[in-house]
Amino acid sequence: MSAESIYYPSQEVLDYATVKEYENTYKFSIENPEEFWAEQAKQLEWYEPYEKVLDSSDAPFYRWFVGGKTNIIHNAIDRHLKTSTRNKIAFVWEGENGDVKVYSYHALNREVSIFANILKSMGVKRGDVVTIYMPQIPEQIFAMLATAKIGAIHSVVYAGFSHEALGERIKAAKSKVVITADGGFRKGKIVNLKSVVNTALEDNPYTQVVITVKRTGHEVEMISGRDYWFHDLKSLPIASIKCPTEVMSATDPLFLLYTSGSTGKPKGLVHTHGGYSVYTSTTARMVLDIKPEDRFWTAADPGWITGHSYIVYGTLLIGATTFLYEGAPNHPYPNRWWQMIEKFGITILYTSPTAIRGLMRFGESWVKRHDISSLRLLGTVGEPINPEAWKWYYEVVGNKKCPIIDTWWQTETGGHMITPLPIFPLKPGSATKPFFGIKVGVVDDEGNEVHPNEQGNLVIKSPWPGMACCVHEDRQRWIDTYWKRFEKFGWYHPGDAAKIDEDGYVWIIGRSDDVIKVSGYRLGTAEIESALVSHPGVAEAAAIALPHDLKGNAIHTYVILKKDFTITPDLENELKDHVANAMGPIARPESITFVDILPKTRSGKIMRRVLKARALNLDVGDISTLEE
């Protein structure tokens, strides 16, 4: 990597950053992990202190802060009410239609307590699972926090899922209560959520109550004896503004979140009150560098782990002010995000490379119409960001002054695992270095460390507090999916391929099954896609491997063109040559298919296995987490 490709933080960034030093702190956290995490746990309040930081006796079912009594709501809301934070803004929300609502911590507590009392009146008890299927409206967050407050477990299902996917998750969780809305707004149209819920519950023996929030006001079918309007319940005496927070064990489950595998049914990952609280609050404070004066925006949905950790919990735990937006990034025009950043004075933006590339397509002029100089830090999440998009984000959106925090983590990990801190020199496309307490390696299939810049399997060599504790009601699947591959070492295997360069910077290549072996050479899909996207005509790209008699595998690519480019055979050949010039002849694609959309998860990851299955006329497996 040439010196020109390294971006150094300004003195202003270095002076302002929460974390001032990395190497010695990292060394201490690896050599003394329990001491390090105990220090972070002191940032929170505990009803009763824990007896043990980490219990590994039933590994890989690790238990954190054992014996401690807590509830994430005590630290996310209750303790703030005793300080001046009670009058601080917790959430600013804008609807796609321009509605705006603002809630202080005091007001948030009132709304959450009302919702919690309604849930209790509907028979929800400690340990019950409540399924939430809602648009990005404040009540979605109130419902999550209210469920946690009374010791129940929330299972948030993204409000773009089909009735089959929703029904499957409700049954798996055995939810007696489902919370939804009549609908939501997306690109100016009503998304009819209540009808999806009605269909999902047609063959469901568990659900007895559906609570519906009125958002759009269109007519929906309400089933007598099961369905209740939230505003009607809110007007009853049951909806008191005072509700005690249930005292929980640190190891009690907080939420279920379903994530799809390449095969089989979605996995319900379980996160707990204690470890998740410590980890998300620590990473929000140190990685995203959120300060009391910031206005922070995670441009994601609360229905995904990014939203759970960095819209809802991590931010509330540190008393931050968070922005939330209901609709599409380009509605009614491609300047919607920049308009809101200017209007609300957003200081930190955290979003996906997919969203960045999508907005890049419209050019710089939409960004330049607005004064977004309030931004001081930019983050990315969901998949590796290609250097072209990184540079556009840095130069056009960040005006060459905002560090890009390119984070690698998963639903399973609960929070950031490999990430820059604001003080780091940055290399576009690299997730940089492991966070404190995270011991990573890149190994071959036998578990041997590979050489610098050589690709291998990414592994996490020690436990961390944010990790899921298990797969819901399926112990063996937790072991088989994440621990069996390197069982003899006790390493967590996330399923990603990576390399570590001579400076110790980690580069995520993509899913292990997305590493393409052509004539014995290992090529990462992310590298091929970056080469394509570096062409001025390409907005987005996906690469897959298909069997080839001679090479073993050949590279097949899918391309979305920018609006001013036309599909021609000449352009196809030009793109193939462009990749070959960038990566060498071995990487020249066998074919390029021009498409309007790519199959993606709701968190913005391109589902290459779906493209591969379709190309080979195979069953595409579980596609319930796809956006398109």
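The legends below describe close-up views of a predicted model.

**View 1. Four strands form an open sheet with antiparallel pairing.**
The order of the strands across this sheet is 23-24-26-27. Strand 23 (440-443) and strand 27 (506-511) are the edge strands, and each of them pairs on one side only. On average, neighbouring strands of this sheet are turned by 45 degrees against each other, direction ignored. Strand 26 (residues 496-500) runs antiparallel to strand 27, and five bridges join the two. Within this pairing, Ala498 stands opposite Ile508 in strand 27.

**View 2. Asp501 and Lys427 form a salt bridge.**
The closest N and O atoms of Asp501 and Lys427 are 2.8 Å apart. Asp501 lies in the loop between strand 26 and strand 27, whereas Lys427 lies in the loop between strand 21 (418-419) and strand 22 (433-434), so the salt bridge ties together parts that are 74 residues apart in sequence. Both Asp501 and Lys427 are buried. Elsewhere, salt bridges that share partners join Arg357, Glu383, Glu540 and Lys600 into one network.

**View 3. A salt bridge joins the side chains of Glu246 and Arg126.**
Side chains of opposite charge can pair when their charged atoms come close. The structure holds 34 salt bridges. In the one shown here, the side chains of Glu246 and Arg126 meet at 3.0 Å, N to O. Glu246 belongs to the loop between helix 9 (230-234) and strand 13 (248-249), and Arg126 to the loop between helix 5 (105-121) and strand 6 (129-133); the pair therefore ties together parts that are 120 residues apart in sequence. Are these two residues buried, partly exposed or exposed? Glu246 counts as partly exposed because its relative accessibility is 31%, a value between the limits of 20% and 50%. Arg126, at 40% relative accessibility, also counts as partly exposed.

**View 4. Arg376 and Asp289 meet in a salt bridge.**
The side chains of this pair are 3.0 Å apart, N to O. The pair links distant parts of the chain, 87 residues apart. Arg376 is found in the loop between helix 14 (365-368) and strand 19 (377-380), and Asp289 in the loop between helix 10 (273-286) and strand 16 (295-298). Arg376 counts as buried because its relative accessibility is 19%, and the cut-off for this class is under 20%. Asp289 counts as buried at 1% relative accessibility.

**View 5. Strand 19 is covered on both faces.**
On one side of strand 19 are Leu377 and Gly379, and on the other are Leu378 and Thr380; all of these residues are buried. Strand 18 (residues 348-351) runs parallel to strand 19, and four bridges join the two. Among the residues paired here, Thr351 has Thr380 in strand 19 as its bridge partner. Strand 19 also pairs with strand 20 (residues 404-406) in the parallel sense, over three bridges. In that pairing, Leu378 stands opposite Ile404 in strand 20. Which helix joins these two strands in a β-α-β unit? Strand 19, helix 15 (residues 387-397) and strand 20 together make this unit, and the unit is right-handed.

**View 6. Helix 6 and helix 11 cross each other.**
The axes of helix 6 (residues 138-149) and helix 11 (residues 305-317) come within 12 Å. The angle at which they cross is roughly 55 degrees. This value lies between 35 and 65 degrees, outside the ranges for roughly parallel and roughly perpendicular, and helix 6 and helix 11 are therefore oblique to each other. The crossing of helix 6 and helix 11 is right-handed.

**View 7. Three strands form an open sheet with mixed pairing.**
The strands of this sheet have the order 30-31-32. Its edge strands are strand 30 (538-548) and strand 32 (591-594), each of which pairs on one side only. From one strand to the next, the twist averages 25 degrees. Strand 31 (residues 552-561) pairs with strand 32 in the parallel sense, over four bridges. One of the residues in this pairing is Val559, and its bridge partner in strand 32 is Phe594.

Terms used. Residues numbered from 1 in each chain as written. Predicted model: local features only at pLDDT ≥ 70, side-chain atom pairs only at ≥ 80, totals over all residues. Heavy atoms only, no water. Pairing = 2+ DSSP bridges. Axes fitted to C-alpha atoms, helices over the stretch in contact; angles between N-to-C directions. Salt bridge = Lys/Arg side-chain N within 4 Å of Asp/Glu carboxyl O. Buried < 20%, exposed > 50% of the residue type's maximum accessible area, 1.4 Å probe, protein only. Right-handed = clockwise from strand over helix to strand, strands pointing away. Parallel < 35°, antiparallel > 145°, perpendicular 65-115°, else oblique. Left-handed = near helix turned anticlockwise from the far one by under 90°.
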